[in-house]
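Here is a short briefing on one protein model and its ligand. It covers strand pairing, overall shape and the ligand shell.

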Amino acid sequence: MRLFRVKWNRWFAGLIISLAFFALTGCASEYIPQNFLQSNSRAAQAAADLFYWIFWVATVIFILVEGLLVYFVLRYQRRAPEEHPEQYHGNTRLEVTWTLIPALILVVVFAATIRTMGETGPTNPPGEGIKIDVFGHQWWWEMRYNDGQVSTASELHMPPNQVMNITLRSENVIHSFWVPRIMGKTDTMPGHENVTWLMTDQPGTYDGQCAEFCGTQHANMLFRVIVHNTPEDFQTWLRNQSAPPVEPASGSLAARGKEIITNPKYFCTTCHTIQGTTAVGVTGPNLTHFASRTCFAGCMFENNKENLRNWLSSPGTMKPGNIMAQVLSQLNPGDPLHPLKPDEVEALTAYLESLR
Ligand code: HEC
Ligand SMILES: [Cu+2]
């Protein structure tokens, strides 16, 4: 009788754990930015369809196999301590059957996967559209338009209903370019070019993510895909990105910021480019139109005054391990985590905020 009670306690615990599991899966909010099952493009929809198709096939198999298992356990359980089952060995017909059926199912799943890849895979764009280059850096994404004449960071802009043909590169480690709601993953490889494409008819902002572990800040290597409402809106954006930034009024705080950033003593120019100035470095994000962007540092931060001020006063606290913090630490050996003086930070913030 005691044994019996213990068993029921276990059943009860099992029940509670499964209930908690199903309850927790309901915790996610309605809109999940990186949920590829809530797709916003034909390619993502095809991937989601394939997923559901395989999921239901697997569910039927699961119910069938587990159902039979439970049935046999109950039907043929030992009823007396001295009872032994009848002994069998081998049944060729049964064994061939249960080898062939799973093999056939796998062939069908494989064929469906190949078909989806053929229709919407990264190497099969539905046509030629706008060519851009995307680079994976540690730890941010760079997007180059117009054969490299325009370079921006953390934001990929595109028009609706047009193919973006993307060449992917990396200068350091392997990253993976992923916009779950629009397209599947494609790796960026050092020394090797990969291609992918994006297309959607739904304007909006979609979250992207590096999907291949690439160092300590891998999880903070995000980006945004901004699909403009009309092709004209996109062209306006591109024209603005191609133009040099507005010159700060002489004597202003922003003008002092420009002096600092272009002064080689501060190293900024070795890593950043600001069109029309002496800053021509390419290690870090191009800052020519920094203020036009919605986020920075691999979209780890919203682009606002407070975050920018914090970034400039201590990039090593904001995103530990990044190369900017490492190099700037030389500016202030006494307190390497705070390389710039507060008034320098203020001036730089004012200047960067003027780069629309
Ligand atoms: C050794 C190269 C290097 C130096 C020197 C450097 N930076 Fe950076 N900077 C970077 C890198 C790399 C990032 C992106 C880091 C990340 O997101 O992981 C960055 C990010 C930034 C950003 C955010 C831009 C964006 O879109 O993400 C600003 C603003 C910035 N730096 C300003 C400065 C200023 C001002 C100086 C000089 C005081 C400076 N940087 C010096 C490499 C450098
Ligand atoms: Cu990465």
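**Briefing**

Strands β9 (residues 204-210) and β10 run antiparallel and are joined by six bridges. This is a predicted model. In the protein, ten helices accompany twelve strands. The radius of gyration is 28 Å, well over the 21 Å that the globule rule gives for 356 residues, so the protein is more spread out than a compact globule.

**Pairing around β10**

- D207 has R224 in β10 as its bridge partner.
- Strand β10 (residues 222-227) also pairs with strand β4 (residues 155-158).
- The β4 and β10 strands run parallel, with four bridges between them.
- H157 is bridged to I226 in β10.

**The five-strand sheet**

- Five strands form an open sheet in the order β3-β2-β1-β5-β8. Its pairing is mixed.
- The edges are β3 (150-153) and β8 (194-198). Each has a single partner strand, so one side of each is left without a neighbour in the sheet.
- From one strand to the next, the twist averages 30°.
- At the β8 edge, strand β5 (residues 164-170) runs antiparallel to β8, and five bridges join the two.
- T167 stands opposite V195 in β8.
- In a regular strand, side chains alternate between the two faces of the sheet.

**Overall shape and packing**

- Along the principal axes, the C-alpha atoms fill a box of roughly 100 × 55 × 35 Å.
- Buried residues make up 30% of the 356 in the protein.
- Among contacts with a separation of 6 or more, 65% link residues 24 or more positions apart.

**The shell around ligand 1**

- How many residues surround ligand 1, and which come nearest? There are 30 around it, and C268, C271, G284, F296 and M324 come nearest.
- Elements giving two or more residues to this shell are α6 (268-271), α9 (323-328) and α10 (342-354).
- Which element gives the most to the shell around ligand 1? Helix α9 does, with four residues.
- By class, the shell around ligand 1 holds 20 nonpolar residues, eight polar ones and two charged ones.

Note on methods
Residues numbered from 1 in each chain as written. Chains lettered and ligands numbered in written order. Predicted model: local features only at pLDDT ≥ 70, side-chain atom pairs only at ≥ 80, totals over all residues. Pairing = 2+ DSSP bridges. Axes fitted to C-alpha atoms, helices over the stretch in contact; angles between N-to-C directions. Rg over C-alpha atoms; globule rule 2.2 N^0.38 Å. Buried ≥ 20, exposed ≤ 12 C-beta atoms within 10 Å, placed from the backbone. Contact = placed C-beta atoms within 7 Å. Near = placed C-beta within 6 Å. Nonpolar A, V, L, I, M, F, W, Y, C, P; charged D, E, K, R; others polar.
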